[in-house]
Amino acid sequence: MAMVRQSDKLKNVLYDIRGPVLEQAEKMEASGHRILRLNIGNPAPFGFEAPDAVLVDMIKNLPNAQGYSDSRGIYSARTAVVQYYQTRGIMNLDTDDVYLGNGVSEMITMSLQALCNTGDEILVPSPDYPLWTASVALSGGTPVHYLCDENNGWNPDLEDLESKITSRTKGIVVINPNNPTGAVYSRETLTKIVEIAKKHELILFADEIYEKITYDNAEMINLASLTGEDVLCLTYSGLSKAYRVAGYRSGWLAITGPNWKAESYIEGIKLLANMRMCANVPAQHAIQTALGGYQSINDLILPGGRLKAQRDLAYKKLNEIDGVSCQQAAGALYLFPKLDVEKFGIVDDERFALDLLKEQKILLSHGTAFNWGEPDHFRLVTLPAVEMLDTALDRLGEFLSGYRQ
Ligand SMILES: Cc1ncc(COP(=O)(O)O)c(C=O)c1O
């Protein structure tokens with residue numbers, strides 16, 4: 001048989017957070033090493049359990065979840081999404097404009113596949129959650145990166161963003177709270193982004209999967225509460241993070257704004273939703289329960305909560321390491337520290353991550369995997385318990401004290 005090659009469509013598709021460093025970690029684990037995995041935002045393996053009510057609702061509904069559902073998802077869950085957003089100031093969302101997916105991931109790829117023609121440009125933050133860049137490329141579009149400014153709390157550099165708009169630009173991706181930087185954007189910043197979108201007639205893609213994970217009274221504002229009827233806004237969120245059920249694969253897309261101007265695009269999204277029949281039905285039943293009632297995530301993010309304690313410790317210890325500096329995260333589950341590349345002679349951050357893995361058995365993600373242009377950052381996941389983070393960061397400090405690439 002002749003060699004079987006992957007499709008040319010994948011030529012520009014990069015997803016390095018699951019690349020060679022992870023492969024090396026898996027090899028080491030297979031030969032008996034214990035690796036401290038600080039690389040993926042997956043709450044369950046770190047001892048975070050889903051709220052009981054979410055599990056119970058899904059279990060009770062299993063007998064009713066044997067068939068395919070409406071391709072957009074079950075009505076009660078879509079209504080729950082509408083009602084939740086009403087409490088967040090989004091008053092113009094209709095149940096018909098909510099689509100449930102196998103995680104936000106599926107809705108990201110679906111909505112870009114339905115939109116992009118070859119060469120259409122989508123503005124994506126740098127650094128980004130790399131699925132966005134990869135999905136734009138897979139859909140035939142061109143990802144164009146706008147800078148987020150570390151010296152300005154990792155806020156989007158709006159001048160840079162606007163300067164990158166061309167006649168081919170179709171939309172702007174906004175990840176808030178942000179992965180990997182942990183930034184939570186102010187009302188002023190978000191309002192300016194909406195103004196830019198309105199002026200240039202662009203779609204806004206608001207990835208708000210971390211909307212319920214904020215610290216120190218940071219105010220999370222849903223972008224669609226500012227866009228009204230002026231700007232088409234696609235909002236993405238789901239159960240993976242705040243409800244700790246990443247494995248259930250349950251997320252949604254909510255479309256607001258002038259959708260009468262986007263009938264053809266929305267038909268395209270429906271077509272793709274129909275082609276995959278429906279999202280995992282048992283997990284759709286978890287949505288209504290999750291969104292209603294007491295929100296147990298608050299116990300984790302408020303003072304005394306595990307997530308807050310872990311973020312605080314990681315921030316403090318990282319900044320104590322000579323040659324490392326780090327902005328505090330106002331939200332999400334990550335820190336994106338800076339390395340002094342002169343001091344460590346770092347020219348290749350993937351090699352840095354591999355060297356750390358081999359020497360200290362700690363798995364981190366290198367910054368360029370997040371479409372960051374310089375080899376001077378890495379991403380740390382703040383999910384491990386305080387004791388584990390403490391040990392890991394001691395070992396990182398020890399490693400860096402003698403490191404020169
Ligand atoms: C910013 C962002 N968007 C989307 C996702 C994917 O989430 P889901 O599990 O809903 O597919 C993640 C997962 O880490 C993420 O960090």
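Helices (H or I, at least four residues) and strands (E, at least two residues) are taken here as DSSP runs, numbered from the N terminus. The structure is a predicted model, in which local features need pLDDT of at least 70 and side-chain atom pairs count only at pLDDT 80 or more, while totals for chains, interfaces and linings use all residues. Residues are numbered from 1 along each chain as its sequence is written, and side-chain values use heavy atoms, with hydrogens and water left out.

Two strands are said to pair if DSSP finds at least two bridges between them. An open sheet of eight strands has the order E2-E9-E8-E7-E6-E3-E4-E5, and its pairing is mixed. The edges of this sheet are formed by strand E2 (98-101) and strand E5 (155-156), each of which pairs on one side only. Within the sheet, strand E7 (residues 203-207) runs parallel to strand E8 (residues 233-238), the two being paired over four bridges, and Ala206 has Thr235 of E8 as its bridge partner.

A further open sheet consists of three strands in the order E11-E15-E14, with antiparallel pairing. Here the edge strands are E11 (334-335) and E14 (365-366), each pairing on one side only. E14 is joined to strand E15 (residues 378-381) in the antiparallel sense over two bridges, with Arg379 of E15 as the bridge partner of Ser365.

The ligand is surrounded by Gly103, Val104, Ser105, Tyr129, Ile175, Asn179, Asp207, Ile209, Tyr210, Ser240, Lys241 and Arg249, a residue being counted as near if one of its heavy atoms lies within 4 Å of the molecule. By class, this shell holds five nonpolar, four polar and three charged residues, where Ala, Val, Leu, Ile, Met, Phe, Trp, Tyr, Cys and Pro count as nonpolar, Asp, Glu, Lys and Arg as charged, and the others, Gly among them, as polar. Helix H4 (residues 103-113) gives the most to the shell, with three residues.

Polar contacts (pairs of N or O atoms within 3.5 Å) link the ligand to both backbone and side-chain atoms. A polar backbone atom of Val104 lies 2.7 Å from an oxygen atom of the ligand, and an N or O atom in the side chain of Ser240 is 2.6 Å from a ligand oxygen atom. For Arg249, a polar side-chain atom is found 2.8 Å from an oxygen atom of the ligand. Taken alone, the ligand exposes 400 Å², of which the protein buries 94%, with accessible areas obtained by the Shrake-Rupley method with a 1.4 Å probe.

Most residues other than glycine have a negative phi, and most peptide bonds are trans. A cis peptide bond with omega of about 0 degrees joins Ser126 and Pro127, and Pro127 lies in the loop between strand E3 (121-126) and helix H5 (131-138). Another cis peptide bond, with omega of about -10 degrees, joins Asn176 and Pro177; Pro177 is located in the loop between strand E6 (169-175) and helix H7 (187-199). Ala332, a residue other than glycine, has a positive phi near 65 degrees and belongs to the loop between strand E10 (324-325) and E11.

Technical notes. Polar contact = N/O pair within 3.5 Å; in protein donor to acceptor, adjacent residues only side chain to side chain.
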